[in-house]
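Dear colleague,

I am passing on to you the structure we spoke about, and below it you will find notes on what was found there. Please read them with the structure open beside you.

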Amino acid sequence: MLLTLIEMEHFPKMSPKTKLGLIYGSAREGRFCDTMVNWAAAEIAGDGRFAANRIDPRDLDRNRAEIARSLDEADAFVIVTPEYNHGYTGALKSLIDAYSQQWQIKPVAFVSYGGVSGGLRAVEQLRLVFAELHAVGIRDTVSFVSPWNRFDSAGALVEPKDPQRAMKTLLARLHWWAVILRNARDTSSYFEVAA
Ligand SMILES: Cc1cc2nc3c(=O)[nH]c(=O)nc-3n(C[C@H](O)[C@H](O)[C@H](O)COP(=O)(O)O)c2cc1C
């Protein structure tokens, strides 16, 4: 028994997974966003360091409190955004604006898609929005030009290598920020420094 206790004391603690909010950027009926989010979710699961929870603007009216809980718990976010007329969607803005402290001092990374721009103009606008919310936008983005030509009917990428490599980099940096900022939130009061 004593030996067991000593062994337990020296057994490396299992590090818990970082909680990640995976956010749909489109609420449209028939949205391509489902394919994109499924791909992102599979890549996040493959990374192994995150436990992802999907958050959908379609649920905002019904499940506002539940979404608040999911956002609260998350230490990092991945936003999967399309681009409409050089911007992101109203549904995504409504979701973002419905909450405030849930975003603060947390990292946000972007997976984007669209026509010629691959959704990057929407991402640049979202960076401004998240700066206002005291969130940290991750530099690395995974962007898909015309993804409807790049996924097969089962939702798998025809040529997965480059996006997978980009997603690996994005997740590594997102995880770094998530751990650092989690620790910072736990040990220091961000808002008091400018009180
Ligand atoms: C009204 C409209 C405007 C669009 N504007 C853009 C645009 O400015 N840039 C772009 O890259 N794609 C644009 N697209 C393509 C969308 O990004 C594409 O349809 C995408 O699948 C939308 O996401 P969703 O299917 O998940 O809703 C536009 C599509 C529509 C219908």
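How many Å separate an oxygen atom of the ligand from an N or O atom in the side chain of Tyr-84? Bearing in mind that this is a predicted model, the distance comes to 2.6 Å. Two further contacts of the ligand involve the protein backbone: an oxygen atom of the ligand is 2.8 Å from a polar backbone atom of Phe-32, and a nitrogen atom of the ligand is 2.8 Å from a polar backbone atom of Asn-85. Taken alone, the ligand exposes 630 Å², of which the protein buries 72%.

The surroundings of the ligand are made up of 17 residues, and the closest are Arg-28, Glu-83, Tyr-84, Tyr-113 and Gly-115. Sorted by class, this shell holds 7 nonpolar, 6 polar and 4 charged residues.

Turning to the pockets, the largest one has a volume of about 180 Å³. It is lined by 10 residues, and those closest to its centre are Pro-16, Lys-17, Thr-18, Asp-75 and Val-179. Helix H6, which covers residues 161–187, gives the largest share of this lining, with 4 residues, while by class the lining of the largest pocket has 3 nonpolar, 3 polar and 4 charged residues.

Lastly, the aromatic rings form 10 pairs. In one of them, Trp-39 and Phe-144, the ring centres are 5.1 Å apart and the planes stand at 80 degrees, so the pair counts as edge-to-face, for which the planes must be over 60 degrees apart. Because Trp-39 belongs to helix H2 (residues 33–47) and Phe-144 to strand E5 (residues 136–145), this pair ties together parts that are 105 residues apart in sequence.

With best wishes

Terms used. Residues numbered from 1 in each chain as written. Predicted model: local features only at pLDDT ≥ 70, side-chain atom pairs only at ≥ 80, totals over all residues. Heavy atoms only, no water. 1 Å grid on protein atoms, 1.4 Å probe; cavity = no way out; pocket = protein on both sides within 12 Å on 5 of 7 lines; lining within 4 Å. Points joined across faces, edges and corners; volume = space filled by probe spheres on them. Helix = DSSP H or I, 4+ residues; strand = E, 2+ residues; numbered from the N terminus. Nonpolar A, V, L, I, M, F, W, Y, C, P; charged D, E, K, R; others polar. Near = heavy atom within 4 Å. Polar contact = N/O pair within 3.5 Å; in protein donor to acceptor, adjacent residues only side chain to side chain. Areas by Shrake-Rupley, 256 points an atom, 1.4 Å probe, with all protein chains shown as cover. Phe/Tyr/Trp six-rings, centres within 6.5 Å; stacked < 30°, edge-to-face > 60°.
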